[in-house]
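Welcome! Please open your viewer and get ready to select a few residues as we go.

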Amino acid sequence: DVWTLLKRIQDLLPQMNGLNLATALHRVAKLSSSGHEANMVQLTKKHPGFVALLSEIERHLLNHTAATQMRHTNQAMDEEMPVQSMSIVAWSCANLQVRR
């Protein structure tokens, strides 16, 4: 269920790279929007694991080489979110009605 997933995400968040973050958000969006509870999306967005995930995604995007136009080491580039994953983040945010 979405609560178990969010707890696991919260536990693993410090180890996640950009691709992991996008995948995690996508899975949360799919699970919470397919739930039978009418307010599942709203409850999901209030969960501390979701808040932490979204904050980490924002940090990744704000520091992305596509945004900063700075040269990064190969290690930094390996850890950042692939550009293709940004569409997954956009879909997930739209599905969860996240606006920032």
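Is K7 buried, exposed or partly exposed? Select K7 and turn on the surface: its relative accessibility is 44%, so K7 counts as partly exposed. Keep in mind that this is a predicted model.

**Stop 1: a pair in α1.** Now add D11 to your selection. The side chains of K7 and D11 meet in a salt bridge, with 2.8 Å from N to O. Why can they pair up along the helix? K7 and D11 are four residues apart in helix α1, so about one helical turn separates them. In general, an α-helix has 3.6 residues a turn, so residues three or four places apart point the same way. D11, like its partner, is partly exposed, with a relative accessible area of 41%.

**Stop 2: the buried face of α1.** Select the whole of helix α1, residues 2-12, and colour V2, L6 and I9, which are buried. Look down the axis of α1: the buried residues fall within an arc of 60°, so they line one face of the helix. Next, show α2 (18-33), α3 (40-46) and α4 (48-62), which are among the parts covering those buried residues.

**Stop 3: a pair in α4.** The structure holds two salt bridges, so there is another one to visit. Select R59 and E56, whose side chains meet at 2.6 Å, N to O. R59 and E56 sit three residues apart in helix α4, which puts about one helical turn between them. Compare their surfaces: R59 is partly exposed, with a relative accessible area of 43%, whereas E56 counts as buried at 18%.

Notes. Residues numbered from 1 in each chain as written. Predicted model: local features only at pLDDT ≥ 70, side-chain atom pairs only at ≥ 80, totals over all residues. Heavy atoms only, no water. Buried < 20%, exposed > 50% of the residue type's maximum accessible area, 1.4 Å probe, protein only. Helix = DSSP H or I, 4+ residues; strand = E, 2+ residues; numbered from the N terminus. Arc of directions from axis to C-beta. Contact = heavy atoms within 4.5 Å. Salt bridge = Lys/Arg side-chain N within 4 Å of Asp/Glu carboxyl O.
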